[in-house]
Amino acid sequence: MYPCDFFEMSGGCCSESIPATLSRKGEVKILEYQTQQHRLFPQLARAYAFIFTGHAVDEMAELHYITSGLKAVVTYLTGQGIEQARMSCGGHGYSKASNMSELYGVAIGGATYEGENMVMLQQLARYLMKSAEAAKKGVALGKLVDYLVRPSEKHSTIDRQPDRAYSAHLKAFDKAAKLQVMKAYERMRSLRAQGLSEEEAWNANAVELNRVSLTFLQQRPIEKPITS
C-alpha cells in the first residue's frame, strides 16, 4: 500500500462525514459551524496535498528516501484525519454502519507495519545528512534537495508579493528546511568532534534528526501541488 493510498482513505472519510454534517433540515447546516469546518477542512486539504505529492514522486534514485518519510507522516495523519471525521459525525460516526471504525483499524496499522514510523523518519534523515555533507563539499545535488545550495533571502518577501504566485512562500519553506538540516548536520559534526562514534552521535541527535525529516516533509507537499 502506497502512502497516498492512506490519504485516499482519509479523503474517503471526509467524503462521508462532510455530507453527513449537512443533513439536518430546518436548522443551521452543521457544516456551517466554524468548529466543524475547523475539524474537517484541514483533513480534506491534507488528503489532496499528499495524494498530489505521492503521484509527483518521480526522482527514482531518491524514491526510497522520500517514500520512507511520507509513509511515516501520511499514515500518522491519516489516522488522525479519520478520527476527526468520525467525531464530526457524532453518534453516526461511532456506528458500525458508517464503516469509519473499520477504516481506522486498517489505516492506523500503517504507522507500524512495513517500518515503524520513527525508524522511517530516521531513514530519510540519513539521506538528508548525506546531502548536507555533499552540499558542504560542493557536490552537485539532486533536485529533491537542491534547496540546500540555493541562495536564500535574508528576510521573507511574502508581504511584498502582489501577484500571489506563492514563490515567496516556497522560498520561506525552503529556507526553514535548509536551516533545520544544516543545524542537525553541524550538531552531528560537533558530537563527532567530542569523540562520540557515528552511532553514538546519531543517537544523541535522533530527536533533532526527526525534526529535520518532518520539516522536509512539510516543505515537499506544499511545493508539489503549487508547482505541478
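**Exercise 1. Find what aspartate 174 pairs with, and say where the two partners sit.**

Aspartate 174 makes a salt bridge with arginine 150, with 2.5 Å between the closest N and O atoms. The two come from distant parts of the chain, 24 residues apart: aspartate 174 is in helix H7, and arginine 150 is in the loop between helix H6 (117–137) and H7. To count as a salt bridge, a side-chain nitrogen of Lys or Arg must be within 4 Å of a carboxyl oxygen of Asp or Glu. Helices here are DSSP runs (H or I, at least four residues), numbered from the N terminus.

Before going on, some housekeeping: this is a predicted model, where local features need pLDDT of at least 70, side-chain atom pairs count only at pLDDT 80 or more, and totals for chains, interfaces and linings use all residues. Residues are numbered from 1 along each chain as its sequence is written, and side-chain values use heavy atoms, leaving out hydrogens and water.

Next, check accessibility (buried is under 20% relative accessible area, exposed over 50%, partly exposed in between; 1.4 Å probe, protein chains only). Aspartate 174 comes out buried because its value is 14%, while arginine 150, at 33%, is partly exposed.

Last step: shared partners join Asp146, Arg150 and Asp174 into one salt-bridge network.

**Exercise 2. Work out whether the length of helix H7 fits its residue count.**

Start with the rule: the expected span is 1.5 Å times one less than the number of residues. H7 covers residues 167–193, which is 27 residues, so it should span 39 Å. Now compare: the end C-alpha atoms are 39 Å apart, and that agrees. Just past the helix, glycine 195 has a positive phi of about 105 degrees.

**Exercise 3. Describe how asparagine 205 meets its surroundings.**

First, place it: asparagine 205 is in the loop between helix H8 (198–204) and helix H9 (206–227). Its relative accessibility is 0%, so asparagine 205 is buried.

Then list the neighbours. Leaving out residues up to four places away in sequence, asparagine 205 touches Ala184, Arg187, Met188 and Leu191, where contact means heavy atoms within 4.5 Å. Finally, look at alanine 184: its backbone oxygen is 3.2 Å from a polar side-chain atom of asparagine 205.

**Exercise 4. Find a salt bridge between H7 and H9.**

Glutamate 208 and lysine 183 form one, at 3.8 Å from N to O. Glutamate 208 is in helix H9 and lysine 183 in helix H7, so the bridge ties together parts 25 residues apart in sequence. Compare the ends: glutamate 208 is buried at 11%, but lysine 183 is exposed at 52%.

Terms used: A polar contact is a pair of N or O atoms within 3.5 Å; within protein, one must be able to donate a hydrogen and the other to accept it, and residues adjacent in sequence count only if both atoms are side-chain atoms.
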